[in-house]
Amino acid sequence: MFVWKDLLLFWRDRKGLVLLLLMPFLMILILGFAMKGLMEGSPEALRMKAALVVEDDEASGIERFRTELRRRSLPEAAESALAASAEQASPYTLLKRMMENEEVGKFVEFVPMDAETAHTALESGEVKAVLTVPPEFTYKALVGMLLGEDGGAALRLTAGESPVHVDVLQGMLNGFVRSLNFRTALGEYGRPDAEPALAAGGVESMTDAKPMNSFLYFTLAMSVMFVLFVAGTTAAKAFAELRGRVFDRVLLADRHPLRFLGGKAGAAFCVAWLQLTLLFVLSHLAFGLFPGRPFSFWLGLSAINAVLSIGVGGFAALLTALNFRFRSSTASSMFSSIAVTVMALAGGSFTPASLLPDWVMQIGVWTPNGLAISLYTLWIQGFAAVDMAPSLLKLAAFAVLTLTAGIYLFPARRRVA
Amino acid sequence: MIAVFLAQWQKEKRSPYAILLFIALGIMLTIVFGMGAAKKMSYAVYAGDGLEAPQAAEWVRLLNREGKFEFRLIEEERALRDVREGRAELAVKLMAEDYRIVMAADNPANREVEELVRTVYNEELQLRAAAASADDPQQYLEDVERRLRQPPLALEIEAADGGEPVRNDMSLQLLFAFTLYTVIMTVGYKVNAVMEERSSGVWDRMILSPLRKTEIYLGHMGYSFCIGMTHIAVALALFRYVFGFPIGDRYGMLLVVAAIYTIALVAVGMLLTGLTRTPEQFGIVLQIAAAAMPLLGGAYWPPGTVTNPIILAVSEFVPLTHAMEAMKGIALQQYGPAELAAPLAKLLLIAVLCMGVGINMVERRSH
């Protein structure tokens with residue numbers, strides 16, 4: 001049995017085998033922890049302190065605005081209405097209300113500081129950004145909001161070194177500024193008005209599944225990526241056998257060369273299946289990925305592993321054939337370096353596929369690892385087999401295609417070099 | 001030394017296709033994804049509950065006017081299937097005066113899209129309501145339009161030194177990341193020649209020749225270095241002069257970083273040569289290790305994404321991290337020699353350590 005010989009070859013190179021089996025687990029561990037907070041969008045991960053530097057005095061700003069109103073000698077009623085709005089719509093008060101909002105408080109803690117301390121804190125990374133309310137802020141903003149005159153005021157955000165955090169804060173402040181400007185444009189701050197009906201909006205989940213946590217995501221992503229290396233590895237080992245004249249001896253023993261190729265595909269299938277299964281079990285034990293799932297769930301998972309592994313076997317056959325045909329291991333090197341990177345990226349192993357540009361995603365739909373990720377995703381969310389059929393068929397077609405190509409390209413007769 | 005170098009060059013000239021293909025594919029990959037990353041995120045929307053096509057198109061126009069994401073109107077069935085199979089994070093169901101965000105599983109990362117859609121819907125609905133109750137709706141809409149053009153409040157953003165904030169250019173980052181990643185393969189592929197010569201017996205014959213050990217090593221390493229440098233130099237030149245990526249005007253500085261990075265890679269290659277036994281094994285270990293490097297260094301995500309101290313500590317040992325920092329600094333932040341000293345020194349340290357340990361292990365194995 002050639003498969004047995006090839007499995008023994010894997011076993012003899014235990015260093016490589018361990019690398020192949022455990023490197024992805026290490027990556028899952030590392031990346032899972034690294035991206036945990038971000039992928040789950042939990043406020044803890046993005047939680048930050050921001051310095052608040054107030055260089056404006058709100059009360060005197062409002063007072064100055066009132067004086068300005070009196071100077072303009074507006075009609076009595078209009079003047080008192082505007083003066084009252086100034087009190088209610090004072091932008092600094094609105095800003096404070098926003099900062100005290102519970103949702104905002106989950107992400108940002110604003111710490112009042114003077115300009116000097118804030119700068120030092122920003123340098124040392126203690127705060128991620130500094131929000132400055134500049135002098136005359138209240139007065140200028142009120143003139144713009146209530147009298148509709150040019151000018152206006154600006155809040156100043158001094159950004160630190162972490163774009164991820166600054167983006168969150170900037171998003172919040174932009175939202176605040178935008179809403180205030182929009183309400184000004186509607187003319188709401190001049191007249192008390194009833195709130196108009198708003199869109200109910202809302203979120204519909206297609207299943208009651210929990211969002212994928214980072215460990216689950218990276219278990220899928222890294223498993224389907226590293227399983228591809230099995231194909232390249234198998235083909236590289238096959239080339240070593242060509243170099244070591246093992247293949248010649250196989251031919252001299254009057255064995256059909258395709259049996260050699262079959263052994264390679266079979267061994268790649270076994271190692272790939274083993275690798276996938278091991279990774280799922282290890283990750284489940286370490287991170288509790290699939291709590292309380294019935295045996296049938298694991299059976300299904302195992303079946304998807306098998307289909308993907310057949311695909312890997314097909315790749316192994318194709319790469320072995322190419323290595324033999326060109327009498328160099330360039331094909332398998334090229335596959336393991338460039339092709340795996342492209343497939344991993346397009347199939348969504350580095351970032352979730354949905355974050356990729358559209359056309360990359362369209363390529364990803366046709367990569368074996370991309371197909372496998374969507375199969376696992378469907379299965380984990382509990383969709384029926386009908387929904388999975390198209391991807392399953394594509395993956396199977398992939399395996400058949402690579403196997404056929406491998407058999408076709410494999411040099412059936414050894415040319416004399 | 002020169003002889004060993006020239007021998008490698010002769011081998012290359014005899015069959016140059018492998019390395020050319022390697023470099024060409026590496027650069028192509030980089031350009032394709034570097035350009036792709038510049039694009040906006042795109043989300044699918046579909047018309048639900050009998051919403052007429054023109055109305056749906058109007059909502060799509062309003063959503064796209066924001067310029068933050070790209071919203072595409074597609075059929076309901078396809079939109080839902082993409083979400084179900086994990087190819088799309090979400091889809092937006094448009095209704096006459098309402099919307100729903102449809103997602104496979106409740107995922108907080110989609111907050112930004114929800115936020116945007118809600119803002120757009122609410123503003124439009126408020127505007128419509130206010131206009132309807134106004135005495136002269138046409139005039140009112142014009143007034144609002146005019147007032148929106150001179151907003152009373154603004155948000156200014158500046159960097160800590162008071163200048164323009166440094167924008168992290170994700171497409172540029174990926175450009176560097178892929179270049180630095182693919183060159184690992186190129187250099188490793190060449191360093192592997194040492195292993196190949198050992199397994200084919202050429203190495204033994206060279207030891208018997210009058211060549212000194214140092215010369216053999218230097219010849220091999222010098223050659224790998226030159227090929228690696230050629231890869232980076234061609235890649236950077238193409239990005240800058242042909243594809244017009246804004247990698248700055250300090251091409252020379254970038255080359256200095258590239259040179260030191262390549263030296264570090266050659267050293268890492270020597271370490272792997274010491275750790276493995278056959279050229280095939282070397283290739284496998286190299287590919288797996290190289291695939292992990294950009295992930296560990298956080299090269300594919302915006303800076304600040306990785307905050308875990310352990311991973312940050314591990315990434316210090318990855319040459320790619322430091323080369324990336326230096327190159328981004330040069331291209332985006334006007335790094336001078338003072339700022340470059342730290343990452344370059346770390347690269348050299350990695351180089352010295354790996355080279356020392358690696359050659360030692362290779363030598364020990366031969367006895």
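**A sheet shared by two chains**

In this predicted model, strands β3(B) and β4(B) form a hairpin, with four residues between them. The two strands run antiparallel and are joined by five bridges. One bridge pair can be picked out by eye: B:L90 has B:M103 as its partner in β4(B).

The hairpin belongs to a wider sheet. That sheet is open and has five strands, in the order β5(A)-β4(B)-β3(B)-β1(B)-β2(B), with mixed pairing. Two strands sit at the edges, each pairing on one side only: β5 (203–205) of chain A and β2 (70–73) of chain B. From one strand to the next, the twist averages 30°.

Helix α5 (residues 111–133) of chain B packs on this sheet. The helix touches β5 of chain A, and also β1, β3 (90–94) and β4 (99–103) of chain B. Its direction makes about 170° with that of β4(B).

Now walk across the sheet from the chain A edge. Strand β5(A) pairs with β4(B) in the parallel sense, over three bridges. Here A:V203 has B:I101 as its bridge partner in β4(B). Beyond the hairpin, β1(B) and β3(B) also pair in the parallel sense, over four bridges. B:Y46 stands opposite B:K93 in β3(B). Next, four bridges join β1 (residues 42–47) of chain B to β2(B), and these strands run parallel. B:A44 stands opposite B:R72 in β2(B).

How many residues of β3(B) are buried? Four of its five residues are, so the strand is largely enclosed by the rest of the structure.

Just before the β2(B) edge strand comes a loop residue to compare. B:K68 lies in the loop between α3 (53–65) and β2 of chain B. It counts as partly exposed because 15 C-beta neighbours lie inside 10 Å, and a buried residue needs 20 or more. B:K68 and B:L353 are 285 residues apart along the chain, and 46 Å separate their C-alpha atoms.

The shared sheet is one part of the contact between the chains. Overall, 98 residues of chain A are in contact with 80 residues of chain B. On the chain A side, helix α10 (residues 163–186) gives the largest share, 13 residues. That side divides into 56 nonpolar, 32 polar and 10 charged residues.

Step back to the chains themselves. Chain A contains 18 helices and five strands. Of its 417 residues, 45% count as buried. Among contacts in chain A with a separation of 6 or more, 79% are between residues 24 or more positions apart.

Both chains have two assigned domains. In chain A, domain 1 covers 2–38 + 210–409 and domain 2 covers 43–186. Their centres, taken over C-alpha atoms, are separated by 54 Å. In chain B, domain 1 covers 2–36 + 170–366 and domain 2 covers 42–149. The centres of these two domains of chain B are separated by 47 Å.

What about the interior? In soluble globular proteins, nonpolar side chains tend to be buried together. The largest nonpolar core here has 156 residues. The members that touch the most others are A:A231, A:A268, A:V312, B:V257, B:A264 and B:A267. Helix α11 (residues 214–243) of chain A supplies the largest share of this core, 19 residues.

A:V312 makes a good close-up. Leaving aside neighbours within four places in sequence, A:V312 is in contact with A:V227, A:L228, A:V230, A:A231, A:A268, A:F269 and A:A272. Apart from the largest core lies another core, of 38 residues. Its members include A:A89, A:V127, A:L131 and A:M145.

Finally, look at two loop residues with unusual backbone angles. Most residues other than glycine have a negative phi. A:R327 has a positive phi, near 50°, and is not a glycine. A:R327 lies in the loop between α14 (295–326) and α15 (330–346) of chain A. It is partly exposed, with 13 other C-beta atoms within 10 Å.

Chain B offers B:Q334, a residue other than glycine with a positive phi of about 55°. B:Q334 sits in the loop between α13 (319–333) and α14 (337–366) of chain B. Is B:Q334 buried or exposed? B:Q334 counts as exposed because it has 12 C-beta neighbours inside 10 Å, and 12 or fewer is the cut-off for that class.

Technical notes: Residues are numbered from 1 along each chain as its sequence is written. Chains are lettered from A and ligands numbered from 1 in the order in which they are written. This is a predicted model: local features need pLDDT of at least 70, side-chain atom pairs count only at pLDDT 80 or more; totals for chains, interfaces and linings use all residues. Two strands pair if DSSP finds at least two bridges between them. Axes are lines fitted to C-alpha atoms, for helices over the stretch in contact, and angles run from 0 to 180 degrees between N-to-C directions. Two residues are in contact if their C-beta atoms, placed from the backbone, lie within 7 Å. Ala, Val, Leu, Ile, Met, Phe, Trp, Tyr, Cys and Pro count as nonpolar, Asp, Glu, Lys and Arg as charged, and the others, Gly among them, as polar. Domain bounds come from an automatic or database domain assignment. A nonpolar core is a set of buried Ala, Val, Leu, Ile, Met, Phe, Trp, Tyr and Cys residues joined through C-beta atoms within 7 Å.
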